[in-house]
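Got your viewer open? Let's take a short walk through this one, picking out a few things to select along the way.

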Amino acid sequence: MDFNTFIAQFISGLSTAMLLFLVSSGLTLIFGVVNVLNFAHGSFYLLGTYFAFQIMKLFNNYWAGLLAGTVGAGIVGMIIEYFFLKRIYGRANEGAFQLLMTYAFILIIDDMVKYIWGTEYKTIPKPAFLSGSLSIGSIMVPSYNVFIIIIGFLIVIFAWYFLMRTDRGKQVRASSLDRIMLSLLGTNVPLIMTLVFGVATAMGGLAGVLAAPLRTVTPGAGIEIIIDSMIVVVIGGFGNFWGALLGALIIGEVLSFGILWMPELATVLTFIVMIIVLILKPEGLLSKKAIVRK
Amino acid sequence: MRKIKDYLPWIIYFIFFIGLLIINPGPHYIHLAARIIIYGLYAVAFNLIYGTTGLVSFGHALFYGIGAYVTGMLVKASTPELFYLYILIGAFGAAFISFFIGLLTLRLTGIYFTMLTLAFAQLVWGLTFKLYHFTGGDDGIQAIAKPTLLAGGVTKYYLFSFVVVTISIYILWRIKRSPFGSVLSGIRQNPQRITFLGLNVYKNQLKAFIISAFFAGIAGGLYAGLDGSIHPDMLHWPTSGNAILMATIGGMSTFFGPVVGAGILTGLEEIVGKYTEYWSFYIGIVVLIVVLLFPNGVLGIKKFTGSKNIEEKEKEVVCNTGN
């Protein structure tokens, strides 16, 4: 592999990583703060894509679609958290019920998408000025990939600022540490949980819109992304925001280079990475919590 | 002496599935019943680690699929006359693999265990999907012949499945009621206390995992013979999800709940599938209703009416100890 291919592949992996990060950081935020493993997160990604598709068809404007997909997915997420997930918090054997309920939402949302928009492939065009490619030295990089990477980095910086430098962010972090104490101190914890769920699903929706021009839009896309994102979250550590970033970078690059190395088994490779991490450091690369029993 | 009440589910079970043969509603419904009974075994086997031991495995499709693929591939490679043996080999294959997977996954608890089982199952699914020459890839394996004794008409195969499933379920029933079964329930309720009693939680979980995988493998092998075709979907994660679904809908704290759950799920697919292709939407709604309103499953409903039963008290204990 010569240097140019390496760089091109690396950048392509970086854009995949950023998409994965958008989905999996939402997943990990929900797990950390709301304490729910949201298996239906891929469905919000899907909803984002299709909302954007619909709005783009109406207004023929990429940015309107981007906004609609993001906000729409977030609103649906908040509705689901507020009216459904809330009712199973704190139940004995909660984990299994979370799994089932979110699984039920996968079935419901995915089928509704099929019902409303049909199963045939849809395409969302790239915005005109991003359809070309940039040349860095002798390397050509599609400018849309660069756009995704930039958006990803903006989100990382914004999230860092929000979580680490604002009072709201402090409350969010606190609620993942000790929910009861926080509510005793007068914070509206249920509101924080709903908002976090909304923001996280909105990020899922945003990823769906961003990914749409690169991949074909099908009702199966949600399932594909959720499995990869789960792997990312497991590798980085459940509930660990920065872990999700690290995990996304690893998996993005593994996918990108795996396709060069052995095209057929690239997806299998990600599972192998996950299994290795889980066996060596089961709590995830960036988490300290000990979860292995003696 | 045991009360007749203990055997009531068995009586209903026999009346229902034997009665079906007597009524003989036509090959389509016999086929449906065969599917229910095979799925029922899969769900009951799964429930040994889910409802009894309290481990949420999200990778049980792996063992179900191994049973099916081993049986199917062996029949393809040699003669269908040895079909009965191949089901057993498939089950032992599933148990063998489950030993290694259990060894690794059971070191983790809670959601991590769930994710790791999912990862292993998806890994094997991915391999099955890609290794076209070995497993038939996307197409799966078609036209798996039945042995002469079972060929022709679905009724014979249904009877065969019924016998195999009944024996398997009976063994699982005995296991659940044995001291070992009590240890498993103990592990779910309070693993620390089990350790204090001088029992090894990990070893017992591993045993339960292997037994569960073995019977899931039998179910898979039976399914391979039913339609004569298998496909990678049997290894895909919705199949694992279905196991959780069936056990929960039917009632994971009861022994026969998963069979009822299998009946409900298969029946729903059948009935709703007739009217609309969007049947998974309706299954989603049913699951939602069950999770919100009947967390103890269909067979668990009656428990609300009586005084608090042991199972609910157990749950309170679990909550109090923070496990």
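Start where the two chains meet: 38 residues of chain A and 35 residues of chain B make up the contact. Keep in mind as you click around that this is a predicted model. Now select the chain B side. Four helices each supply at least two residues to the side that touches chain A: α5 (110-130), α11 (237-250), α13 (279-293) and α15 (310-321). Colour α5(B) brightly, as it gives the largest share, twelve residues. Which kinds of residue are on this side of chain B? They divide into 24 nonpolar, eight polar and three charged.

Next, hop over to chain A and select A:Ile88. You'll find it in the loop between α3 (62-83) and α4 (94-117). Is A:Ile88 buried or exposed? It counts as partly exposed, because it has 17 C-beta neighbours inside 10 Å, while being buried takes 20 or more. Leaving out residues up to four places away in sequence, A:Ile88 touches A:Glu94, A:Phe97, A:Gln98, A:Met101 and, over on the other chain, B:Val291. Try a distance too: from A:Ile88 to A:Ser43 is 20 Å, C-alpha to C-alpha, and the two are 45 residues apart in sequence.

Last stop: select helix α10 of chain B, residues 201-227. At 1.5 Å a residue, its 27 residues should span 39 Å, and the end C-alpha atoms are indeed 39 Å apart. Of those 27 residues, 20 are buried, so α10(B) is largely enclosed by the rest of the structure. Step just past the helix and you land on B:Gly228, with a positive phi near 75 degrees.

Key
Residues numbered from 1 in each chain as written. Chains lettered and ligands numbered in written order. Predicted model: local features only at pLDDT ≥ 70, side-chain atom pairs only at ≥ 80, totals over all residues. Buried ≥ 20, exposed ≤ 12 C-beta atoms within 10 Å, placed from the backbone. Contact = placed C-beta atoms within 7 Å. Nonpolar A, V, L, I, M, F, W, Y, C, P; charged D, E, K, R; others polar. Expected span 1.5 Å × (residues − 1).
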